[in-house]
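Okay everyone, thanks for coming. Let me put the structure up, and then I'll walk you through a couple of spots in it.

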Amino acid sequence: MSTPDAPDTGAPSSPPGASGAAAASGPAAVSGAVRDPAGARERVLYGCMGLGGAWDTTPCGPADIDHAEAAIGAALDSGITAFDHADIYRHGKAEAVFGEVLARAPGLRERVTVQTKCGIRPPEPGRPGHYDLRGATIVRRVEESLTRLRTDAVDVLLLHRPDPLADPADVAAALHTLHRQGLVRGFGVSNMSGPQIALLQAHLDVPLVANQLELSLHRRDWLESGVLVNTPAAAEVGFPHGTVEHCVAHGLRLQAWGALAQGRFTGRPGTPSEEATARLVTALAERKGTTPEAIVLWWLQRHPARIAPVVGTARPERVRACADAALREPDLTHEEWYALWTTARGAPLP
């Protein structure tokens, strides 16, 4: 995910009939989690960018750890056992409080999938913000993340943003070193196009397994880049055409950051087309006995690429509102999926 990530502003929804456990969070709930052994194929990931207190260098305290424990417990209650980090989230504090929660719950690490990212360097006094995928930097950032996470290895490392100055052979050498040392089990990318992925993979002996992109019912250019081919509207779509197809063809799991669209369709006031879509989302949720959040995530998951949404809210009640996306198959018909798309577009398809 890019930084800073958009805040969670949607209201949680829990209509009668919604499924998914809502057990109490805390050490008991956390330590009792059961991991899906196919963690890399989980339907939903929990994005940890909201954990760790303020987005500054103020040290986190016991209240921040308690808050992280409640959010992680809510994710586990909801069938989510894959957790997405980045070294820059809350200046490293998101990883640090997650590590503290792992320390409170012996055995939890073996039952969850931990993913982190590196490559973005935020601006500092006298230094511009930039991307840094030099090999030595990648290794150092991973070592720092492992210390904060209080674990010996991460399951997946994503390269957070493309670095135009990066030498793919140098990047690959660093990834091979991390893999050989057992510090990282698998690798992926974030915010990269098909050709960028292909260039990096040409230098790697291990397969890239994921690409994390902004995909949602609001951010639809990933979908429309193909549908609008040979129409005047194609010029308005900036998404790199063919990236979704490249990932599917080469076995990279698409992960969707911003999947809940910052609450545009689940409680946040918006444009006329967004509010019309929110009404449709609510009606579908009531009809299917689930939550509006699940409908929004199902719309992504219903795509043949089997996109895995990243849920980034730090509010336990809203995490639980996403449980059906983790626990149930997407319950949207062909026509319902298209109705959501065209309503969100605010215009018919070409």
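So, which backbone oxygen does the side chain of Q301 reach? Keep in mind as you look that this is a predicted model. The answer is the backbone oxygen of R43, at 3.2 Å.

Let's stay with Q301 for a second. You'll find Q301 in helix α10, which covers residues 292–301. Is Q301 buried or exposed? Buried: its relative accessible area is 6%, and the cut-off for buried is under 20%. As for its company, leaving aside residues up to four places away in sequence, Q301 touches R43, V44, R306, I307, P309, A325 and P330.

Now over to helix α9, residues 272–288. There's a nice length check here: with 17 residues at 1.5 Å each, α9 should span 24 Å, and its end C-alpha atoms are indeed 24 Å apart, so the two agree.

Which residues of α9 are buried? They're E274, T277, A278, V281, L284, A285 and K288. Looking down the axis of α9, those buried residues fall within an arc of 130°, so they line one face of the helix. If that spacing looks familiar, remember that an α-helix has 3.6 residues a turn, so residues three or four places apart point the same way.

And what sits over that buried side? The cover includes α10, the helix we started with, and α13, residues 334–345. Turn α9 around, and the face away from its buried side carries the exposed residues P272, R279, E286 and R287.

One last stop: just after α9 comes G289, with a positive phi of about 65°.

Conventions. Residues are numbered from 1 along each chain as its sequence is written. This is a predicted model: local features need pLDDT of at least 70, side-chain atom pairs count only at pLDDT 80 or more; totals for chains, interfaces and linings use all residues. Side-chain values use heavy atoms; hydrogens and water are left out. Helices (H or I, at least four residues) and strands (E, at least two) are DSSP runs, numbered from the N terminus. Buried means under 20% relative accessible area, exposed over 50%, partly exposed in between (1.4 Å probe, protein chains only). A polar contact is a pair of N or O atoms within 3.5 Å; within protein, one must be able to donate a hydrogen and the other to accept it, and residues adjacent in sequence count only if both atoms are side-chain atoms. Contact means heavy atoms within 4.5 Å. The expected span of a helix is 1.5 Å times one less than its number of residues. The arc is that of the directions from the helix axis to the C-beta atoms.
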